[in-house]
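Grab a viewer and work through the exercises below. Each one sets a task and then walks through the solution.

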Amino acid sequence: MSSRSRIRYGLAAALLALAGLLVPPSAAASTAPPPSPRPYVYVSGRPYGVALSPDGGLAYVATGRLSPLRVINTHTLQRTARIYLGSAQDIALSPDGLRAYVTSPGLGSVRVVNTVTNTEIGYVGVGKGPLGLAVTPDGRRLYVANSFSDSVSVIDTANEKAVGKIEVGSTPADVVVSPDGRRVYVTNSGYGTPTSLSVIDTATDKVIGRPGRLGNFTYGLAVTPDGRRLYVTDLQGTVSVVDTATGKVIGAPIPVGQRPMDVAVSPDGHRAYVTNQGSNSVSVIDTSTNKVTGTLDVQGPTRIALTPDGRHAWITQNCCGTVWVIDF
């Protein structure tokens, strides 16, 4: 392996391991008092991905290598099941909630879980280091970012087989699908990569857009409910807003906290929530002005999922084996 290849592979490995790094709290004070959190839930391991059932009644938490997928009742905050998959990094649910798809980076696969029986029913081999993934609104396709292969795998969910591989940018990390199912957006997190976002047409599974460089370490992203805008985090401390119709960045990057990992947009589209792992905080962005209007104190936040009514956020803490539930 050449020295350049070793450096590149090392960067990819570092990105996959980012959720495991602890950074001292930011010295900056929060601009708004934190809400009163409901009790946190201990899930063990190093929780990363989190997804909620369509009705919001169950939370699924991927807890890392050699740790189970946890199922939690969101009303009682009781752990109702554990599903051992060997490795569980990120997670996506089918639109009907009957299947959970979980990436296993060390195994180069996506594990398929029946959420009725809470058992693994199969797996699909993909590329190296699978991380983020997303299901189309019709539930027919699953797109998986292969962080070490610079590609996105396409899975047919009807027969649970990989049916394609799409070359994207360097070290893809996260994936979202537009609300109409016509586009897939992928962050390419490799350091300084010229193309930090790839746009895929789901009709052809071809890359049709490369909006260019949004930051040195683009990582998490979310699409607004109307599909018109993307919010994309850069691990160096900003969020960029992209107009999906033109592929152009809207305004200047929005300063948030240190090492922003993930972002979620509220169901009404009025707010975006950004997990700042390095600052132990969550930034609240008003999407009408694209300004930060508040900061919530949350220790070591990683991934975030919102309930369908937008009233609660489930936030994984990779550092501490816990999931916090925040009331808005």
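**Exercise 1. Take stock of the chain: how many helices and strands are there in the protein chain?**

Step 1. Count the DSSP runs, where helices are H or I with at least four residues and strands are E with at least two, numbered from the N terminus. The protein chain has one helix and 31 strands.

Step 2. Know what you're looking at: this is a predicted model, where local features need pLDDT of at least 70 and side-chain atom pairs count only at pLDDT 80 or more, while totals for chains, interfaces and linings use all residues. Residues are numbered from 1 along each chain as its sequence is written, and side-chain values use heavy atoms, with hydrogens and water left out.

Step 3. Check burial (buried is under 20% relative accessible area, exposed over 50%, partly exposed in between; 1.4 Å probe, protein chains only). Of the 328 residues in the protein chain, 58% are buried.

Step 4. Turn to contacts, meaning heavy atoms within 4.5 Å. Among contacts with a separation of 6 or more, 42% link residues 24 or more positions apart.

**Exercise 2. Work out the order of the strands in the open sheet that four strands form.**

Step 1. Strands pair if DSSP finds at least two bridges between them. The order reads S2-S3-S5-S6, with antiparallel pairing.

Step 2. Look at the edges. Strand S2 (50-52) and strand S6 (79-83) each have a single partner strand, so one side of each lacks a neighbour in the sheet. From one strand to the next, the twist averages 20° (axes are lines fitted to C-alpha atoms, for helices over the stretch in contact, and angles run from 0 to 180 degrees between N-to-C directions).

Step 3. Zoom in on S3 (residues 58-62) and S5 (residues 69-73): five bridges join this antiparallel pair. Ala62 sits opposite Leu69 in S5.

Step 4. Follow the chain from S5 towards S6 and you meet His75 in the loop between them. His75 counts as exposed, at 63% relative accessibility. Its C-alpha is 8.3 Å from that of Leu58, 17 residues away along the chain.

**Exercise 3. Which residues is Ser44 in contact with, leaving aside its neighbours within four places in sequence?**

Step 1. Find Ser44 in the loop between strand S1 (38-42) and S2. At 16% relative accessibility, Ser44 is buried.

Step 2. List the partners: Thr63, Pro68, Arg70 and Gly321.

Step 3. Now pick out Gly321. Ser44 and Gly321 are 277 residues apart in sequence, yet their C-alpha atoms are 4.4 Å apart.

**Exercise 4. Trace the hairpin of S25 and S26, then follow Tyr273 to its aromatic partner.**

Step 1. Start with S25 (residues 260-265). Six of its six residues are buried, so this strand is largely enclosed by the rest of the structure.

Step 2. Cross to S26. The two strands pair antiparallel over five bridges, and the hairpin has five residues between them, with Gly269 in the turn showing a positive phi of about 75°. Ala264 has Tyr273 as its bridge partner in S26.

Step 3. Look for ring pairs (Phe, Tyr and Trp, using its six-membered ring, with centres within 6.5 Å; planes under 30 degrees apart are stacked, over 60 edge-to-face, the rest tilted). The count comes to two aromatic pairs. One of them is Tyr273 with Phe328, stacked at 4.4 Å centre to centre and 15° between the planes.

Step 4. Place both rings. Tyr273 lies in S26 (residues 271-276) and Phe328 in the segment after strand S31 (322-327), so the pair ties together parts 55 residues apart in sequence. Tyr273 is buried at 2% relative accessibility, whereas Phe328 is partly exposed at 40%.
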